[in-house]
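User: I am new to reading protein structures. Could you take me through one, feature by feature?

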Amino acid sequence: VPASFTRNNSLLIRKALIPGPSLTTDRPSNVSPAIMDPTALQHLQALAQQHALDLTNAKIRRTSSRFCLGVEHGDYNGTNLFGVGTDRYIWVAYKANGTNTIRLASGNFPDDGLITFASGAQPTPPLTEQQSKSWARFPHGVDFVLRKEGLLQQSVGFDAVVWGNIPGGGMSRSASLCLNLIATWLDVNQATLPPPAPGSLAREVELAVQVENAYVGSPCGNLDQIMIWHARENAGTLYEPEAKKISYIPLGAGAPDFAFVALDTGTDRPGLEKSTYKIRREECDAFAEELFAKSFINRPVLADVKDFGKIRDAYHSTAWAPHLERLAYLVSAQHNFGGMIDAWRSGDVAKVGEMFRADGWGLRDLYCISGPELETMCDIARTVDGVYGERMLGGGDKGAAGAIVRADAVAAL
């Protein structure tokens with residue numbers, strides 16, 4: 001997944017990507033992290049040794065994370081989406097083992113030990129409470145979905161170790177993992193997917209969403225998978241769901257040096273299926289169905305709302321009244337979306353940051369999807385001169401917030 005960047009001597013990122021403090025050398029775009037990131041390689045080698053896996057001459061694949069600029073929580077509500085891929089990664093080193101057994105170990109979830117199963121022999125959903133607590137639900141889900149879709153004509157066993165530096169919430173760690181494992185499974189089994197038509201979604205995106213929805217039980221949309229798989233250097237990815245169209249908006253040539261900074265609170269969210277995200281999605285889906293049934297909108301998605309005042313007047317004294325705040329955020333975010341794109345295209349990073357900050361207030365106060373650690377981190381960031389904007393990221397509750405920061409202010413932040 002392209003997520004390249006240029007670097008100056010102070011280890012700050014030019015243009016649009018998150019600093020990776022473990023990276024100590026320059027690297028051109030799309031070079032194997034096994035060569036250019038010794039920290040990741042050392043983690044993978046140590047995991048292989050710890051679990052007695054022979055990964056000599058193994059392949060290594062990396063998948064990035066993402067930074068959403070708008071509309072956060074818009075994917076399941078039918079809005080346009082805009083964001084970038086970032087240089088926080090998940091790395092998977094893998095090699096066929098000559099059996100039909102799959103063995104995987106994660107350096108991020110060491111307590112789960114070595115996950116071992118034969119292709120097709122994973123637990124059947126819905127998962128038990130215990131099964132839903134293990135990261136094994138993701139490799140199990142990938143195998144389940146690929147087999148269900150008829151994409152695995154073989155059952156090739158392999159060994160793999162996994163390590164990543166994506167925060168545990170807010171920057172799409174699970175989406176990155178699913179995409180990486182899907183590509184790994186297909187490669188080991190010598191299976192291929194046709195490339196998407198220009199401007200269309202990759203099949204890998206749809207499969208990764210299916211893993212989370214149909215197997216893991218997560219109610220995620222497709223924002224994360226799109227922004228990771230379709231990332232492009234020095235450009236933002238724009239997805240228009242009505243047309244199912246991907247396009248790229250280059251960052252304006254006059255943009256100052258700046259960084260997207262991950263504000264990792266050190267807290268882990270247990271999964272979207274156990275979070276406020278699930279509640280908000282259920283609320284929005286139900287309200288959209290109500291408005292569609294009463295002919296306020298032409299499709300059962302809240303992005304279709306054209307007259308918020310009319311809906312507010314009709315529902316402000318009903319049991320649907322709390323849903324009006326969620327809708328108010330989405331209407332405002334959609335209204336501002338074009339301005340965000342224009343500011344990005346012109347290189348006005350200060351304006352992008354200003355709108356990013358305002359969006360965070362809407363997510364906090366109207367959509368009510370943030371959390372105390374996330375907002376404390378934002379409050380701290382807001383005191384630093386040179387921070388253009390900050391807000392919570394992703395599913396909310398816990399994990400990481402993010403900031404858009406002038407390059408010479410990163411150290412102070």
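Analyst: Start with a definition. The expected span of a helix is 1.5 Å times one less than its number of residues. Keep in mind that this model is predicted.

User: What span does helix α3 reach from its first C-alpha to its last?

Analyst: Helix α3 covers residues 137–148, twelve residues. It reaches 16 Å, close to the 16 Å expected at 1.5 Å a residue.

User: Is α3 enclosed or open to the outside?

Analyst: Check burial. A residue counts as buried under 20% relative accessible area. Nine of the twelve residues of α3 are buried, so the helix is largely enclosed by the rest of the structure. Among them are Phe 138, His 140, Val 142 and Leu 146.

User: What covers the buried residues of α3?

Analyst: The cover includes strands β3 and β4, and helices α4 (173–188) and α5 (203–216). Just after α3 comes Gly 150, with a positive phi of about 70 degrees.

User: Which residues of helix α11 are buried?

Analyst: First the general idea. An α-helix has 3.6 residues a turn, so residues three or four places apart point the same way. Now the case. In α11 (residues 372–381), Leu 374, Glu 375, Cys 378 and Ala 381 are buried. They cover an arc of only 120 degrees around the axis, which puts them on the same side of α11. What covers them includes β8 (258–264), α10 (349–365), β9 (387–392) and β10 (400–406).

User: Now strands. Which side chains of β4 point to the buried face?

Analyst: Follow the alternation along β4, residues 114–118. Ile 115 and Phe 117 point to one face and are buried. Leu 114, Thr 116 and Ala 118 point to the other face and are not buried.

User: In what sense do β3 and β4 pair?

Analyst: Strand β3 (residues 101–106) and β4 pair in the antiparallel sense, over five bridges. For one bridge, take Ala 105: its partner in β4 is Leu 114.

User: Which faces of β5 are covered?

Analyst: Both faces are covered. Phe 158, Ala 160, Val 162 and Gly 164 are buried on one side. Asp 159, Val 161 and Trp 163 are buried on the other. Seven of the seven residues of β5 are buried, so the strand is largely enclosed by the rest of the structure.

User: How many bridges does β5 form with β2, and how many with β3?

Analyst: Strand β2 (residues 81–96) and β5 pair in the antiparallel sense over seven bridges. There, the partner of Ala 96 is Phe 158. Strands β3 and β5 pair in the parallel sense over four bridges. Here the partner of Ser 106 in β5 is Val 162.

User: How do I find empty space, and how much lies in the largest pocket?

Analyst: Rolling a probe the size of a water molecule over the atoms shows where empty space is left. The largest pocket holds about 690 Å³ of space. It is lined by 43 residues, and the closest to its centre are Arg 137, Arg 173, Ser 174, Arg 269 and Gly 271.

User: Which element gives the largest share of that lining?

Analyst: Helix α4 does, with four residues. At least two residues each come from α3, β5 (158–164), α4, α5 and α6 (223–229).

User: Is Tyr 367 buried or exposed?

Analyst: Tyr 367 is buried, with a relative accessible area of 0%. It is found in the loop between α10 and α11. Look at what Tyr 367 touches, leaving out residues up to four places away in sequence: the contacts include His 73, Tyr 76, Arg 280, Cys 284 and Tyr 329.

User: Where are the cis peptide bonds you would show me?

Analyst: Look at omega. One cis bond joins Gly 70 and Val 71, with omega about -10 degrees. Val 71 is in the loop between β1 (59–70) and β2. Another joins Pro 125 and Pro 126, with omega about 5 degrees. Pro 126 lies in the loop between β4 and α3.

User: What is phi of Ser 172, and what of Asn 234?

Analyst: Phi of Ser 172 is near 70 degrees, a positive value in a residue other than glycine. Ser 172 sits in the loop between β5 and α4, and counts as buried at 6% relative accessibility. Asn 234 has a positive phi of about 55 degrees, although it is not a glycine. Its place is the loop between α6 and β6 (235–240). At 33% relative accessibility, Asn 234 counts as partly exposed.

Note on methods:
Residues are numbered from 1 along each chain as its sequence is written. This is a predicted model: local features need pLDDT of at least 70, side-chain atom pairs count only at pLDDT 80 or more; totals for chains, interfaces and linings use all residues. Side-chain values use heavy atoms; hydrogens and water are left out. Buried means under 20% relative accessible area, exposed over 50%, partly exposed in between (1.4 Å probe, protein chains only). Two strands pair if DSSP finds at least two bridges between them. Contact means heavy atoms within 4.5 Å. The arc is that of the directions from the helix axis to the C-beta atoms. On a 1 Å grid over the protein atoms alone, a cavity is a set of points where a 1.4 Å probe fits but cannot get out, and a pocket is an open set with protein on both sides within 12 Å along at least five of seven lines; lining residues have an atom within 4 Å of a point. Grid points are joined across faces, edges and corners, and a volume is the space filled by probe spheres set on the points.
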